[in-house]
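Visitor: I have a structure on the screen and a list of terms I do not trust yet. Could you go through them with me?

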Amino acid sequence: MLFPWHTLDRQVHVTGRVEKMSTFEVMKYFHSRPKDSQIAAWVSKQSTRISARGVLEAKFLELKQKFANGEVPLPSFWGGFRVRIDTVEFWQGGEHRLHDRFYYTREGEGWHIERLAP
């Protein structure tokens with residue numbers, strides 16, 4: 001994963017393994033969220049095109065009534081992934097291209113930290 005902040009001349013680069021979360025873990029997380037957030041998960045099919053915000057708001061109100069007296073079930077299309085981080089590099093742009101770079105490598109329960117040349 002790369003998180004660039006161009007205007008700040010900074011970035012964070014993360015490497016690791018991606019794992020799909022179990023249904024039990026997803027359900028546990030889903031039910032730890034506020035009820036309105038659970039309902040919003042049903043409303044928003046992420047990244048699909050919609051004609052207007054009002055479509056979301058109307059569906060939210062409809063489902064808020066439907067689930068008013070009970071638990072919101074986990075949507076079948078809702079899930080999660082976990083990143084098991086192996087390395088993290090923090091990069092800060094520097095004058096004359098003398099950037100600051102710090103490289104963290106997982107070692108057991110801790111981290112080994114090194115400074116890298118630009």
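What follows is a talk about the terms used for this predicted model.

Visitor: Why is Arg-101 called buried?

Guide: The cut-off for buried is under 20% relative accessible area. Arg-101 has a relative accessible area of 19%, so Arg-101 counts as buried.

Visitor: Where in the chain is Arg-101 found?

Guide: Arg-101 lies in strand 4, which covers residues 100–107.

Visitor: What is Arg-101 in contact with, leaving aside its neighbours within four places in sequence?

Guide: Its contacts include Glu-89, Phe-90 and Trp-91, and also Glu-114, Arg-115, Leu-116, Ala-117 and Pro-118. To be listed, a residue needs heavy atoms within 4.5 Å.

Visitor: What makes the approach of Arg-101 to Ala-117 a polar contact?

Guide: The side chain of Arg-101 reaches the backbone oxygen of Ala-117 at 2.9 Å. A polar contact needs a pair of N or O atoms within 3.5 Å, so the distance of 2.9 Å meets that limit.

Visitor: How do you know that strand 3 and strand 4 pair?

Guide: Two strands pair if there are at least two bridges between them. Six bridges join strand 3 to strand 4, so the condition is met. These two strands run antiparallel. Gln-92 has Asp-100 in strand 4 as its bridge partner.

Visitor: How many bridges are there between strand 2 and strand 3?

Guide: Strand 2 (residues 10–20) and strand 3 (residues 81–92) pair over eleven bridges, in the antiparallel sense. Arg-17 stands opposite Arg-84 in strand 3.

Visitor: What joins strand 4 and strand 5?

Guide: They pair over seven bridges, again in the antiparallel sense, and Phe-102 stands opposite Arg-115 in strand 5. The two strands form a hairpin with two residues between them. In the turn, Gly-108 has a positive phi of about 65 degrees.

Visitor: In what order do the strands lie in the sheet?

Guide: The sheet is open, and its five strands come in the order 1-2-3-4-5 with antiparallel pairing.

Visitor: What makes strand 1 and strand 5 edge strands?

Guide: Strand 1 (2–5) and strand 5 (110–116) each pair on one side only. From one strand to the next, the twist averages 25 degrees.

Visitor: Which residues of helix 2 are buried, and what covers them?

Guide: In helix 2 (residues 35–43), the buried residues are Gln-38, Ile-39, Ala-41 and Val-43. Their cover includes helix 1 (23–32) and helix 3 (53–66).

Notes. Residues numbered from 1 in each chain as written. Predicted model: local features only at pLDDT ≥ 70, side-chain atom pairs only at ≥ 80, totals over all residues. Heavy atoms only, no water. Helix = DSSP H or I, 4+ residues; strand = E, 2+ residues; numbered from the N terminus. Buried < 20%, exposed > 50% of the residue type's maximum accessible area, 1.4 Å probe, protein only. Polar contact = N/O pair within 3.5 Å; in protein donor to acceptor, adjacent residues only side chain to side chain. Axes fitted to C-alpha atoms, helices over the stretch in contact; angles between N-to-C directions.
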